[in-house]
Amino acid sequence: MNVETKHTRTMDDIFVQHSRKLELLRNVLRNAAEVDALEGLNMIDAVQRLGIDYHFQREIDAILHKQMSIVSASDDLHEVALRFRLLRQHGYSVPEDVFNNFKESKGTFKQVLGEDIKGLMSLYEASQLGTEGEDTLVEAEKFSGHLLKTSLSHLDHHQARIVGNTLRNPHHRSLASFMARNFFVTSQATRPNSWLTLLKEVAKIDFNMVRSRHQNEIVQISKWWKDLGLAKELKFARDQPLKWYIWSMAVLTDPKLSEERVELTKPISFVYLIDDIFDVYGTLDDLYLFTEAVNRWEITAIDHLPDYMKICFKALYDMTNEFSCKVYQKHGWNPLQSLKISWASLCNAFLVEAKWFASGKLPKSEEYLKNGIVSSGVNVVLVHMFFLLGQNITRKSVELLNETPAIISSSAAILRLWDDLGSAKDENQDGNDGSYVRCYLEEHEGCSIEEAREKTINMISDEWKKLNRELLSPNPFPATFTLASLNVARMIPLMYSYDGNQCLPSLKEYVKLMLYETVSM
C-alpha cells in the first residue's frame, strides 16, 4: 500500500468516525432537551460557541420551537437569559419583560443577583440582543456589566478569565470561529459532563477538516489573482488576496459554501482596488471620468480614461459579467442590473469623498456618515453575496435589496464608524481618508475627542440594535443571508482594531487559528 492510498484510507476512516459521532450527538441533543429543558439550551449554546451548529440545525429548530412556550417559567436567571438569547438569535420575538421577575418593585434589578456570576454573564449576553426602545435590556447591560467588572478582583484566575472574556467578547457580537478555541479552555472546569467531551472531539475533527478546505480555497483565489495580473499592472494598489479572502471566510461560515467564498472574494478585491484608485492615486479629473464610465457601464466608454483606469474598469466589467453568468446558470436569475447599480453607487460615494477632501472642507457628520455607509463597500459585497446564495430571489426581494435595507446599511455604518474610531491607516498606505470623529469635532465647537469617540461608540451600539431588529421574524431575507450580514458586523473589530504599529494583531491571530494551526485530537 503506497503512502497516498494509506492517507486516503485514514481520511476516509476519520470521516466515517466523524459522521457516527455527529449522529450520536444529534440523539444526545434530542434526548437531553426532552429530559431537561435547561440542559438542551446549554448544549445548543455549546454547539454554537464551537461554531458547528450547522450540523444540528434541524434539532436546534425543533428544540427552540418548544422552548417558546416556557420563556419565563423559571426563577433561574441563567436559564431565562440563555433561553431569551437563543430564541432571539433564532428570530423569535421574545418580549424583554421576561426579566421582570428579577426586578425590585421600583423597577431596578435585584442587588442579590450580584452573587450569581453565571446568571449575570447570561444576562449580559442576552442584553446584546436588544432592539431600539428596549429600556429593560439597556438597564440589564449596565447592571450586569457593572457587577461583573467589580467581581473580577475577587474571582479566582479561571473564573476571572471567563468573566473578562464575556465582557470583551459577548457571543452575539463575536465570530464563533474566532472564539471557539477559547471555549475549549474555559469550559474545562465549568461543564463537566459526557456530552461536552464528545462535542469537543467532534469539533476538533471539524476544525481540521474545515481548515483543509479553507487552505484549498486560498490556492484557488491566489491563482485567480495571479492570472488576473492586476498586481503587476496597478502597482500602487494593495496586493492582499489573503486579507480579501478572510472576509469571505468569516462571513460565509458553512463549509459547504466553498464555491461561494471563492466567488465572493472577487468583488471584495475590486472594492479595495477601486478604493485605492480614489484614495491614493487618481486625480480628481480622472476620478470624474472613471465614475462616469462605471455609471454608463459600456466597454466603449473607456477610450478617454488613463491606461491604469482602463485596465481596472475592463477587469471589473469582465468579472461582473462572469459573476452574473454563474448566478444565472445556477439560480436562474440574472443579477447584472443590481450589480451595476451597486458598483455605480460605490464610485459615486467615493467621488463625493474625493471632492470633499480636495476642497479641504469637511462635511457635516450626518452627511459624512450617510455617504460613508455606501463608500464602506458593504453594500456591494452583500448584494453580490445575496445572489451567490441564491435563496428567495424574487422581484420583491431584489427591489428591497437595491434600496439598501437596514440589514445592509447598519452593518455598513458599523464598519464606517469602527474604522473612523481609530482613524486607521492601512498597512503601507497613505492617502486621503475622512473620519466621522473629525467631522463631529469640526461641527461641535468645544467638544473633546473623548466625547466625540463616546458619541461614535454609542452610535455603533444603536446600529447593532437596528441589526437585532432585522433578526426577528418576519424577515424578508433568508436566514443564511441574515447570518452572513451579522458576520460582517462581527468581523469588523478584527479588521479595524489597529495597534500602535498600525498592525492588526487580532486579525493575525484569527488567520493563524483558522488557516495554520491544527487542533490536536
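**Exercise 1. The nonpolar core**

Find which residues touch the most other members of the largest nonpolar core, and which helix gives the most to this core.

Solution. Step 1: A nonpolar core is a set of buried Ala, Val, Leu, Ile, Met, Phe, Trp, Tyr and Cys residues joined through side-chain atoms within 4.5 Å. Buried means under 20% relative accessible area, exposed over 50%, and partly exposed in between, with a 1.4 Å probe and protein chains only. The model is a predicted one, in which local features need pLDDT of at least 70 and side-chain atom pairs count only at pLDDT 80 or more, while totals for chains, interfaces and linings use all residues. Residues are numbered from 1 along each chain as its sequence is written, and side-chain values use heavy atoms, with hydrogens and water left out.

Step 2: The largest nonpolar core has 164 residues, and Phe99, Trp247 and Trp343 touch the most other members. Helix α9 gives the most to this core, with 11 residues. Helices (H or I, at least four residues) and strands (E, at least two) are DSSP runs, numbered from the N terminus.

Step 3: Contact means heavy atoms within 4.5 Å. Leaving out residues up to four places away in sequence, Trp343 touches Pro267, Phe270, Val271, Ile274, Val294, Trp297, Leu316, Met319, Thr320, Val380 and His384.

Step 4: In soluble globular proteins, nonpolar side chains tend to be buried together.

**Exercise 2. Aromatic rings**

Classify the pair Phe386 and Phe477, and state where each residue lies.

Solution. Step 1: Rings of Phe, Tyr and Trp (its six-membered ring) pair if their centres lie within 6.5 Å; planes under 30 degrees apart count as stacked, over 60 as edge-to-face and the rest as tilted. The structure holds 20 aromatic pairs.

Step 2: The ring centres of Phe386 and Phe477 are 5.9 Å apart and the planes stand at 85 degrees, so this pair is edge-to-face.

Step 3: Phe386 belongs to helix α17 (residues 378-389), and Phe477 to the loop between α21 (449-471) and α22 (479-496); the pair links distant parts of the chain, 91 residues apart.

Step 4: Phe386 counts as buried because its relative accessibility is 1%. Phe477, at 4%, also counts as buried.

Step 5: Ring pairs also join Trp224, Trp225, Trp244 and Tyr272 into a cluster.

**Exercise 3. Charges over rings**

Identify the rings over which the charged ends of Arg26 and Lys103 sit.

Solution. Step 1: A charge sits over a ring if NZ of Lys or CZ of Arg is within 6 Å of the ring centre and within 35 degrees of the ring normal.

Step 2: For Arg26 the ring is that of Phe56, with the charged end 5.8 Å from the ring centre. For Lys103 the ring is that of Phe109, at 5.7 Å from the centre.

**Exercise 4. Cavities and the largest pocket**

State how many cavities of 30 Å³ or more there are, and which helix gives the most to the lining of the largest pocket.

Solution. Step 1: On a 1 Å grid over the protein atoms alone, a cavity is a set of points where a 1.4 Å probe fits but cannot get out, and a pocket is an open set with protein on both sides within 12 Å along at least five of seven lines; lining residues have an atom within 4 Å of a point. Grid points are joined across faces, edges and corners, and a volume is the space filled by probe spheres set on the points.

Step 2: The count is three cavities of 30 Å³ or more. The largest cavity has a volume of about 100 Å³, and its lining consists of Glu259, Glu260, Glu263, Phe323, Lys326, Val327, Lys330, His331 and Leu388. Two or more of these lining residues come from each of α12 (258-281) and α14 (307-331); α14 gives the most, with five.

Step 3: The largest pocket holds about 1400 Å³ of space. Its lining has 49 residues, and Asp53, Gln57, Thr253, Ala479 and Leu483 lie nearest the pocket centre. Helix α22 gives the most to this lining, with eight residues.

**Exercise 5. Positive phi**

Locate Asn392 and Thr404, and give the phi of each.

Solution. Step 1: Most residues other than glycine have a negative phi.

Step 2: Asn392, not a glycine, has a positive phi of about 55 degrees. Asn392 is in the loop between α17 and α18 (395-402), and is partly exposed at 39% relative accessible area.

Step 3: Thr404, not a glycine, has a positive phi of about 55 degrees. Thr404 is in the loop between α18 and α19 (406-422), and is partly exposed at 28%.
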